[in-house]
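The following note is offered to a colleague who is meeting this structure for the first time. Its points are numbered, so that each may be checked against the model in turn.

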Amino acid sequence: MARDVTRQRQMEQQLHQASIVFQTSAEGILILDAQRRIVSANAAFTQLTGYPSEAALQRNPDDFLHVQPHTEPFYQQLADNTPDHWHGDMLCQRRDGSQFPCRQHICAVNDEQGQLSHYVLAFSDLSAIRAAEEHIHHLAYHDELTGLGNRHHLQRELEKEIRRAERNGHSVGILFVDLDGFKQVNDTLGHGAGDQLLASIAKRLQRHLRSSDIATRRAATNSCWPFRTCSSRKSARGWPKTCWPSCATRS
């Protein structure tokens, strides 16, 4: 009898601990029944999606949360324990219709008879991580001052454009833009003014380029390297006559 009481107290303590983890977890957690209907949702689920828990109860997350729903064979494999869990990245949708990338973990839970009783679904928002990754990637291939592509971007994109031009029988035009008297600007007005001038020229240049054109700048220089794919050498030679005067005009 004493052993039964002790075991019961241990189980109650474990349930209490599990309840605390469920409610305080930063991950959204859903408990689904065997038919994949939500029977419980924690506070983080509401914070991440905007759905109150009562609005999610008895609903299938594939009907409103997952942009690309899981398939029936997917759940069947979980139920058959082949394997009994899955984790991966997918796209989810908030109540306001906005979408966000998430990392999700789903596992199937069986009862004492070995029959499927419910699923546990946990997920976390990857938006901040994805934004940081995109920012790092941008810094790796762009000049911080002007926003133009850097040397690595120039090399990568130029190689792609040359291969594309060779396939289509076109040419690649490269325009080397150098600012005369730039040292005098730095010496008389300061490097801050020089930086502003470079940034201004870069913005003007981008306004007068086609969406398919690519402009880059070598760091610590006052020169830019815009390039585009041209249908002929004649059109490549005519490009600077239309592009650069517009950039040099006062605005």
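1. D89 has a relative accessible area of 40% and is therefore partly exposed, since that class lies between the 20% limit for buried and the 50% limit for exposed residues. The model under review is a predicted one. In it, D89 forms a salt bridge with R103, and the closest N and O atoms are 2.7 Å apart. The two residues belong to distant parts of the chain: D89 lies in strand β3 and R103 in strand β4, with a separation of 14 residues. R103 is likewise classed as partly exposed, at 41% relative accessibility.

2. This pair does not stand alone. D89 and R103 are linked with R130 and E133 in a network of salt bridges. Over the whole structure, a search finds 11 salt bridges.

3. Two further salt bridges lie within helices. In helix α7 (residues 151–168), R164 and E161 are 3 residues apart, about one turn of the helix. Their closest N and O atoms are 2.5 Å apart. Of the partners, R164 is partly exposed, at 32% relative accessibility, whereas E161 is buried, with a relative accessible area of 10%. In helix α8 (residues 182–189), K183 and D187 are 4 residues apart and so are separated by about one helical turn. The salt bridge between K183 and D187 has its closest N and O atoms 2.7 Å apart, and both residues are exposed.

4. The sheet should be considered next. Its 5 strands are arranged in the order β2-β1-β5-β4-β3, forming an open sheet with antiparallel pairing. Strands β2 (38–41) and β3 (85–93) are at the edges; each has a single partner strand, so one side of each is left without a neighbour in the sheet. On average, neighbouring strands are turned by 25° against each other, direction ignored. Helix α6 (residues 127–141) packs on this sheet, where it touches β3, β4 (99–110) and β5 (116–125). The direction of α6 makes about 135° with that of β4.

5. Strand β1 (residues 28–33) deserves a separate point. Its pairing with β2 is antiparallel and runs over 3 bridges, while its pairing with β5, also antiparallel, runs over 6 bridges. I31 stands opposite S40 in β2 and opposite V120 in β5. L32 has I38 of β2 as its bridge partner. Because 5 of the 6 residues of β1 are buried, this strand is largely enclosed by the rest of the structure.

6. The connection between β1 and β2 may also be inspected. These strands form a hairpin with 4 residues between them. In the turn, R36 has a positive phi of about 65°.

7. The final point concerns the packing of two helices. How do α8 and α9 lie against each other, and at what angle? Helix α8 packs against helix α9 (residues 191–207) at about 140°, and their axes are 6 Å apart. This angle makes α8 oblique to α9, because a pair would have to exceed 145 degrees to count as roughly antiparallel. From α8, the contact is made by F182, V185, N186 and L189; from α9, by H191, A193, G194, L197 and L198. By class, the contact of α8 with α9 comprises 6 nonpolar residues, 3 polar residues and no charged ones.

Technical notes:
Residues are numbered from 1 along each chain as its sequence is written. This is a predicted model: local features need pLDDT of at least 70, side-chain atom pairs count only at pLDDT 80 or more; totals for chains, interfaces and linings use all residues. Side-chain values use heavy atoms; hydrogens and water are left out. Two strands pair if DSSP finds at least two bridges between them. Axes are lines fitted to C-alpha atoms, for helices over the stretch in contact, and angles run from 0 to 180 degrees between N-to-C directions. Contact means heavy atoms within 4.5 Å. A salt bridge is a side-chain nitrogen of Lys or Arg within 4 Å of a carboxyl oxygen of Asp or Glu. Buried means under 20% relative accessible area, exposed over 50%, partly exposed in between (1.4 Å probe, protein chains only). Angles under 35 degrees count as roughly parallel, over 145 as roughly antiparallel, 65 to 115 as roughly perpendicular and the rest as oblique. Ala, Val, Leu, Ile, Met, Phe, Trp, Tyr, Cys and Pro count as nonpolar, Asp, Glu, Lys and Arg as charged, and the others, Gly among them, as polar.
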